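Here is a walk through the empty spaces and the aromatic contacts of one protein model. Have the viewer open and follow along.

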Amino acid sequence: MMSLFSEFKAQVKNTLTSKAEGIEGAPQFWTLPLLKMCTKMVQVLWGCFLLWNLYISSTQTTYPGIKARATQRALDYGVQAGVLMIEQMIKERNIPDLKGSESLEFLKVDYVNYNFSNIKINAFSFPNTSLAFVPGVGIKALTNHGTANISTNWDVKSPLFQDTGGADLFLSGIYFTGILILAQNDFGQPTLKLQDCYAQVSHAHVSFTGELSVLYNSFAEPMEKPILKNLNEMLCPIITGEVEALNANLSMLEVLTKIDNYTLLDYSLMSSPEITENYIDLNLKGVFYPLENLTDPPFSPLPFVLPERSDSMFYIGISEYFFKSASFAHFTAGAFNITLSTKEISSHLVRHSQGVGNVLSRIAEIYILSQPFMVRIMATEPPVISLLPGNFTLDIPASIVILTQSENSTAETIVSMDFVASTSVSLVILGQRLICSLSLNRFRLSLPESNRSNIEVLRFENILSFILHFGILPLANAKLQQGFPLPNPHKISFVNSDIEVLEHFLLISTDLKYETPLKQQPSFYGWEGLNLISGRWRGKSVP
């Protein structure tokens with residue numbers, strides 16, 4: 001572009017100079033202002049060109065390769081699964097001892113050193129809990145009328161007395177509300193933040209056990225008010241700490257996953273989640289790269305829209321671009337080149353068909369082979385993906401080379417031909433993976449029509465089709481059993497799944513099921529050093 005402007009400038013200069021020279025008696029100095037004006041005009045045009053390029057690049061939209069949608073049904077199930085997760089978490093976590101010193105003015109005691117140990121949450125209930133979408137903002141969590149029963153051992157020391165025993169703390173009227181804000185960081189990983197947190201416990205009742213329990217219970221009520229006050233002050237910081245700890249785990253999610261020895265899959269978020277009144281949409285990049293080259297494929301994804309459905313908890317839309325990028329990346333990495341010996345072909349044919357001896361003898365009859373041979377198949381272009389309603393096809397343009405090789409000689413090519421194998425793709429979800437398998441629809445040698453009537457050519461085409469169907473495709477399907485990992489919530493499996501092939505994208509409708517209890521959870525961040533009576537809080541910061 002710069003060279004074009006330079007040429008334009010030079011042409012204008014030559015024109016002006018020649019015109020000035022053509023005017024008899026015209027002063028040569030008048031051309032200088034015109035040249036300066038021309039130079040400024042070129043600079044203005046160049047600036048406009050740059051601004052136009054910036055505008056075009058800013059308005060270009062990159063569409064996702066995968067869309068994941070969670071509906072209100074998923075949130076409703078999330079409430080149930082959340083309670084199960086909290087129950088398991090409480091069983092596995094150890095709440096640290098609470099130690100401190102207090103002055104009890106109502107007993108005229110200067111100080112009392114106390115230690116609460118073996119703290120256990122024995123039971124809790126959140127009967128009115130809900131999650132709801134807040135359009136354009138996040139997910140609102142709400143619970144009220146909650147209860148919790150906590151037991152602990154205690155010992156106290158003061159100038160006047162010391163004692164040990166047990167106590168039960170019953171909390172009721174637990175209320176919490178807050179909005180979970182979902183976004184993305186610079187690496188395309190999800191982020192989570194708690195906003196507008198409000199938590200309150202309306203009632204607390206302390207009951208002591210031990211030799212002097214009657215005495216302690218008589219002044220338990222004055223202790224309940226400061227415990228309640230300071231507990232309410234500490235609840236939101238504790239909950240916020242837990243959300244920040246979860247966010248720290250999210251920041252360690254791998255969004256670039258190695259699929260096999262040839263490719264990587266990019267699952268990064270392209271934008272912050274889109275939240276409506278009925279669902280949340282996640283736009284994922286969903287593109288494959290060759291293992292050694294993280295360059296986007298030479299084609300762009302097309303937009304696609306998930307249908308407005310709410311019967312399932314979770315919907316995943318996988319665009320044609322996702323599969324095309326997989327095809328291109330594997331082709332670029334050389335994954336579609338395969339060489340098989342007679343022994344390998346025979347073993348697969350024996351396993352998947354009958355009449356192997358007849359097939360091999362026919363090959364020998366046609367080509368008068370008495371020595372072992374090899375079949376080399378190489379894709380000549382990336383396999384062509386097509387997703388149309390109810391139909392998922394994969395066309396493989398390739399070449400096949402049959403070589404012979406005796407023990408003391410180099411390989412000799414007997415025949416080399418191009419062909420196109422048209423296959424249908426079957427899909428199933430196993431665990432958390434999308435599994436594909438291929439079946440041969442049509443095999444056609446790339447020959448002029450005049451040669452296709454040749455009987456020997458037809459026989460050869462049928463034999464190669466047979467080898468591809470019963471020898472090569474089983475090998476390919478064995479590799480495809482690894483499948484593609486699907487985006488799913490942590491420790492959640494897919495159930496009642498259904499797969500539809502729509503126009504240029506695949507739609508997976510599924511429900512969710514919480515399967516495996518959470519293990520090795522972090523400790524209760526912020527509980528260490530709590531002082532429930534005076535409100536002093538020496539909690540650890542969240543890492």
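A pocket here is an open set of points on a 1 Å grid over the protein atoms alone, with protein on both sides within 12 Å along at least five of seven lines, and a residue counts as lining if it has an atom within 4 Å of a point. This is a predicted model, with local features needing pLDDT of at least 70 and side-chain atom pairs pLDDT 80 or more, while totals for chains, interfaces and linings use all residues. Residues are numbered from 1 along each chain as its sequence is written, and side-chain values use heavy atoms, with hydrogens and water left out.

Start with the second largest pocket. Its lining has 36 residues, and those nearest the centre are Ala335, Phe336, Leu438, Ala476 and Leu480. Elements giving two or more residues to that lining include helix H6 (320–332), strand E18 (412–430), strand E19 (433–445) and helix H9 (455–480); helices (H or I, at least four residues) and strands (E, at least two) are DSSP runs, numbered from the N terminus. H9 gives the most, with 7 residues. The pocket's volume is about 1,000 Å³, a volume being the space filled by probe spheres set on the points, which are joined across faces, edges and corners. As for chemistry, the lining has 27 nonpolar, 7 polar and 2 charged residues. In that split, Ala, Val, Leu, Ile, Met, Phe, Trp, Tyr, Cys and Pro are nonpolar, Asp, Glu, Lys and Arg are charged, and the others, Gly among them, are polar.

Now stay with H6 and look at the closed spaces. A cavity is a set of points where a 1.4 Å probe fits but cannot get out, and the whole structure has 2 cavities of 30 Å³ or more. The second largest cavity has a volume of about 30 Å³. Among the residues lining this cavity are Phe288, Pro290, Ser325, Phe328 and Ala329. H6 supplies the largest share of the lining, 3 residues, and no charged residue takes part.

What about H6 itself? Its 13 residues should span 18 Å at 1.5 Å a residue (counting one less than the number of residues), and the end C-alpha atoms are indeed 18 Å apart. Several of its residues are buried, including Tyr321, Phe322, Phe323 and Ser325; buried means under 20% relative accessible area with a 1.4 Å probe, protein chains only. After H6 comes Gly334, with a positive phi near 80°.

The aromatics come next. Rings of Phe, Tyr and Trp (its six-membered ring) pair if their centres lie within 6.5 Å, with planes under 30 degrees apart called stacked, over 60 edge-to-face and the rest tilted. By that rule there are 11 aromatic pairs. Take Trp154 and Phe208: their ring centres are 5.8 Å apart and their planes at 90°, so this pair is edge-to-face. Trp154 sits in strand E5 (residues 138–157) and Phe208 in strand E7 (residues 190–209), so the pair ties together parts 54 residues apart in sequence. Both Trp154 and Phe208 are buried.

Compare that with Phe314 and Phe494, whose ring centres are 6.1 Å apart with planes at 20°, so they are stacked. This pair links strand E13 (residues 314–319) to strand E21 (residues 492–502), 180 residues apart. Phe314 and Phe494 are both buried. Back around H6, Phe288, Phe322, Phe323 and Phe392 form one aromatic cluster.

How values were computed
Buried means under 20% relative accessible area, exposed over 50%, partly exposed in between (1.4 Å probe, protein chains only).
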